[in-house]
Amino acid sequence: MPRSLNSIDPYVEDQGYWRDFHLRFLNACADALAEAVPESYEPRLEEEIKLISHGVEEVAVRKALPDVAILRGDSVEPSGRGGGGVATLEPVTVELPVVAEVREAWIEIYRRPGRELVTVIEVLSPSNKDDRDRELYLAKRNALLIQKVHLVELDFLLRGERLPMRRRLPTGDFYALVSRHERRPKSDVYVWRRDEPLPPIPIPLKAPDPDVTLDLAAVYKTAYERGRYAKSIDYSRPLPE
């Protein structure tokens, strides 16, 4: 069994339940925010499905009309130069590109009456931290960082590359980054280890409205219990070092 439901269970990531947990956590997070933000704000779940091709080779294509057929065997002559043989071709085995489906979900907080985008909350997926779509996520991140939008990034994963920063992140296992647009390039970083409870973090809104507090431990516990992971995970298996 996990040591505490107040802390992150690394078995969710290790035994392949992260995709399901990711969606459950975001739903629980959106529900908690809906109860915390003023009436003029709307926390909304957003989702995007991307198809990413791997192993595609760029090949220049030259348009030409051949005047000689591709032949096999001495008895077959080029087309148009006598002989009635039929050209036969040997196939060449070529690999198709590998297409991976990457499903991304996040939370956006809008402010009425103009539905102004105020805050984006991202919970990193394994694909955001490896080669599958890291570049795409970082491009999205950079686009948000040049806007007057607050960005909150939650990294509950032990594996993969950490988010790039100007300075090395403090040593830890899990991170919450709160980037307020008016303070950039500075960002507040919350860091904790796997045996420590998840902290409450501030979610910035549009000034002069004060921050609201997101209790990460409570939201995590809600998502974990709804997913019934304790009944599915094999806790007798050791975690990788």
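The points below go through a predicted model of one protein, from its overall make-up to individual side-chain pairs.

1. Overall architecture. The protein is built from five helices and eight strands, and, read from the N terminus, these elements follow the order α-α-β-β-β-α-β-β-β-β-β-α-α. Of its 241 residues, 38% count as buried, while the accessible surface comes to about 15,200 Å², with 50% of that area belonging to carbon and sulfur atoms. When contacts between residues at least 6 apart in sequence are considered, 65% of them join residues at least 24 apart.

2. Confidence. The mean pLDDT of the protein is 85, and 82% of the residues score at least 70. Among the elements, strand β7 has the highest mean value, 98, whereas strand β1, residues 41–54, has the lowest, 83. Over residues 57–77 the pLDDT is below 50, and this stretch nevertheless has 19 contacts in the model beyond its near neighbours in sequence. A reader who inspects those contacts should keep in mind the pLDDT of below 50 over residues 57–77.

3. The pairing of β7 and β8. Strand β7, residues 200–203, runs antiparallel to β8, and four bridges join the two. One of the residues concerned is P200, whose bridge partner in β8 is D215. Strand β8 itself, residues 212–215, has a covered face made up of V212 and L214, and an uncovered face made up of T213 and D215. This arrangement can be set beside the general rule that in a regular strand the side chains alternate between the two faces of the sheet. D215, the bridge partner of P200, thus belongs to the uncovered face of β8.

4. The segment before α1: L5. L5 lies in the segment before α1, the helix of residues 10–14. Which residues does L5 contact, once its neighbours within four places in sequence are left aside? They are A217, Y220, K221, Y224 and E225. For Y220, the separation is 215 residues in sequence but 7.8 Å in space, C-alpha to C-alpha. L5 has a relative accessible area of 26%, so the residue counts as partly exposed.

5. The segment before α1: D9. D9 also lies in the segment before α1, and its relative accessibility of 5% is why the residue counts as buried. The side chain of D9 takes part in a polar contact of 3.1 Å with the side chain of Y224, and in another, of 2.4 Å, with the side chain of Y235. Y224 is also among the residues in contact with L5, and both L5 and D9 are therefore worth viewing together with Y224.6. The salt bridge between R111 and D209. The structure holds 14 salt bridges, and one of them joins the side chains of R111 and D209 at 3.6 Å, N to O. R111 lies in strand β2, residues 98–111, and D209 in the loop between β7 and β8, so the pair ties together parts that are 98 residues apart in sequence. R111 is partly exposed, with a relative accessible area of 28%, and D209, at 23%, likewise counts as partly exposed.

7. The salt bridge between E161 and R134. E161 forms a salt bridge with R134, and the closest N and O atoms are 3.9 Å apart. The pair links distant parts of the chain, since E161 is in the loop between β4 (150–155) and β5 (174–179) and R134 is in helix α3 (residues 134–145), 27 residues apart. Are the two partners buried or exposed? E161 counts as partly exposed at 45% relative accessibility, whereas R134 is buried, with a relative accessible area of 10%.

8. The salt bridge between D155 and R162, and a network. The side chains of D155 and R162 meet in a salt bridge of 2.8 Å, N to O. D155 is buried, with a relative accessible area of 4%, while R162, at 24% relative accessibility, counts as partly exposed. Elsewhere, E42, R44, R112 and R115 are linked in a network of salt bridges.

Conventions:
Residues are numbered from 1 along each chain as its sequence is written. This is a predicted model: local features need pLDDT of at least 70, side-chain atom pairs count only at pLDDT 80 or more; totals for chains, interfaces and linings use all residues. Side-chain values use heavy atoms; hydrogens and water are left out. Buried means under 20% relative accessible area, exposed over 50%, partly exposed in between (1.4 Å probe, protein chains only). Contact means heavy atoms within 4.5 Å. Accessible areas come from the Shrake-Rupley method with a 1.4 Å probe; for residues, only the protein chains shown count as cover. Two strands pair if DSSP finds at least two bridges between them. pLDDT is the predictor's confidence in each residue, from 0 to 100. A salt bridge is a side-chain nitrogen of Lys or Arg within 4 Å of a carboxyl oxygen of Asp or Glu. A polar contact is a pair of N or O atoms within 3.5 Å; within protein, one must be able to donate a hydrogen and the other to accept it, and residues adjacent in sequence count only if both atoms are side-chain atoms.
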